[in-house]
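Trainee: Could you take me through this structure feature by feature, giving the general idea and then the case at hand?

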Amino acid sequence: MTKLIVANWKMNKNAKACFEFFDTFNAKYSSKREAWIAPQSIHLNLVINQGMKANVKAGLQNCSDHTSGAFTGEISPVNAKELGTHFVILGHSERREIFKETSKTIAAKVKTAHQSDLKVIFCLGETLAERESGMTETVLKDQLNQGLSDQSLATADNLVVAYEPIWAIGTGKTATPAMAQEAHAFIRSILKDKFPGFGEKVRLLYGGSVKPDNVEELLAQKDIDGGLVGGASLKANDFLALCGDK
Ligand code: PEP
């Protein structure tokens, strides 16, 4: 399976910085690993057009659980799809913690995104307190069951799951490859039960301070199919290194 590296640019980069990124990235990217980029939605068109030159797919960092209507400030997944958007990240811990998104809302967004023909990267992960009190597996199981409830439209091709221990996001603390593998194997076992026939093929990404100097060890783990990357995806040369193009 080709590894998948996803950039979550969060609320970073102005348009000029996006163009500069692609000037460097497109010149060296070899497609050895799949590369997807989620910019701020105001730069979606730019990233779709620049990414197209090197077969890089563009996506949203969030979307509405409705496709149209009186929802001021929201982003319609179906309209994003029409533009050429490939995927949406849902359930990111920053959406859960800062914007108080519940598993119920996330489940509704996953469903609407699939109905709109977007691929979904579903994020889950435990806090440090949950890990230290031995709750990791319970938390992951609950997040999977609640956030992916009623997923009759999910397939191995349109669902990607990203395990992101919250204590490792943007902190410089990475789960050891063994810790990440253990959580991924657990998630894989739940997906197999939940989605008989294709659960074992759903791609599982690891996220949390992935950097050029730890990516290879993480990707060498049996159940790690790629990475979801914040900080280290912002510089073109670092993202190239994550994609296996030094
Ligand atoms: C993220 O926010 O999804 C993330 C993994 O960030 P970072 O790589 O900066 O830890």
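Trainee: Where does Asp-223 lie?

Mentor: Before placing any residue, keep in mind that this is a predicted model. Asp-223 lies in the loop between helix 9, residues 215-219, and strand 8.

Trainee: Does Asp-223 count as buried or exposed, and which residues is Asp-223 in contact with?

Mentor: A residue is called buried when its relative accessible area is under 20%. Asp-223 has a relative accessibility of 7% and therefore counts as buried. Leaving aside neighbours within four places in sequence, Asp-223 is in contact with Gln-181, His-184, Ala-185, Arg-188 and Leu-204. With one of these, Arg-188, there is a polar contact of 3.1 Å between the side chains.

Trainee: Arg-188 belongs to the buried residues of helix 8; what should helix 8 span, and how far apart are its end C-alpha atoms?

Mentor: The check is to multiply a rise of 1.5 Å by one less than the number of residues. For the 18 residues of helix 8 the expected span is 26 Å, and because the end C-alpha atoms are 25 Å apart, the two values agree. The buried residues of this helix include Gln-181, His-184 and Arg-188, together with nonpolar ones such as Ala-180, Phe-186, Ile-187 and Leu-191. As for what they face, the buried residues of helix 8 pack against strand 5, helix 7, strand 6, strand 7 (203-207) and helix 9.

Trainee: How many residues does helix 8 give to the largest nonpolar core, and which residues touch the most other members of that core?

Mentor: In soluble globular proteins, nonpolar side chains tend to be buried together. Here the largest nonpolar core has 62 residues, among which Phe-25 and Phe-239 touch the most other members. The largest share of this core, 6 residues, comes from helix 8, which covers residues 177-194. Not counting residues up to four places away in sequence, Phe-25 touches Ala-35, Val-56, Ala-236, Phe-239, Leu-240 and Cys-243. There is also a second, separate core of 12 residues, including Leu-4, Ile-89, Cys-123 and Ala-162.

Trainee: Where is Ser-233 found, and what does its side chain reach?

Mentor: Ser-233 is found in the loop between strand 8 (226-229) and helix 10 (236-242), and because its relative accessibility is 0%, Ser-233 counts as buried. The side chain of Ser-233 reaches the backbone oxygen of Gly-230 at 2.7 Å, while a polar atom of that side chain lies 3.2 Å from the backbone oxygen of Val-229. Outside the residues up to four places away in sequence, Ser-233 touches Ala-7, Asn-8, Trp-9, Phe-21 and Phe-239.

Trainee: How many residues surround the ligand, and which are the closest?

Mentor: The ligand is surrounded by 14 residues, the closest being Lys-10, Glu-164, Gly-170, Ser-209 and Gly-230. When reading such a site, one looks at which kind of protein atom faces each ligand atom. An oxygen atom of the ligand is 2.8 Å from a polar backbone atom of Ser-209, and a backbone N or O atom of Gly-230 lies 2.8 Å from an oxygen atom of the ligand. From a side chain, an N or O atom of His-92 is 2.9 Å from an oxygen atom of the ligand. Taken alone the ligand exposes 300 Å², of which the protein buries 97%.

Trainee: What is phi of Lys-10, and where does Lys-10 lie?

Mentor: Phi of Lys-10 is near 50°, a positive value in a residue other than glycine. Lys-10 lies in the loop between strand 1 (4-8) and helix 1 (15-28).

Trainee: Which residue with a positive phi follows helix 5?

Mentor: Helix 5 is followed by Asp-117, whose phi is positive, near 70°. Asp-117 is found in the loop between helix 5 and strand 5, and because its relative accessibility is 52%, Asp-117 counts as exposed. Helix 5 itself can be checked by its span: the 13 residues, 103-115, should cover 18 Å, and the end C-alpha atoms are 18 Å apart, which agrees. Its buried residues include Ile-106, Ala-107, Val-110 and His-114, and the buried residues of helix 5 pack against several elements, among them helix 3 (77-83), strand 4 (87-90) and helix 7 (136-147).

Note on methods
Residues are numbered from 1 along each chain as its sequence is written. This is a predicted model: local features need pLDDT of at least 70, side-chain atom pairs count only at pLDDT 80 or more; totals for chains, interfaces and linings use all residues. Side-chain values use heavy atoms; hydrogens and water are left out. Helices (H or I, at least four residues) and strands (E, at least two) are DSSP runs, numbered from the N terminus. Buried means under 20% relative accessible area, exposed over 50%, partly exposed in between (1.4 Å probe, protein chains only). Contact means heavy atoms within 4.5 Å. A residue is near a molecule or strand if one of its heavy atoms lies within 4 Å of it. A polar contact is a pair of N or O atoms within 3.5 Å; within protein, one must be able to donate a hydrogen and the other to accept it, and residues adjacent in sequence count only if both atoms are side-chain atoms. Accessible areas come from the Shrake-Rupley method with a 1.4 Å probe; for residues, only the protein chains shown count as cover. A nonpolar core is a set of buried Ala, Val, Leu, Ile, Met, Phe, Trp, Tyr and Cys residues joined through side-chain atoms within 4.5 Å.
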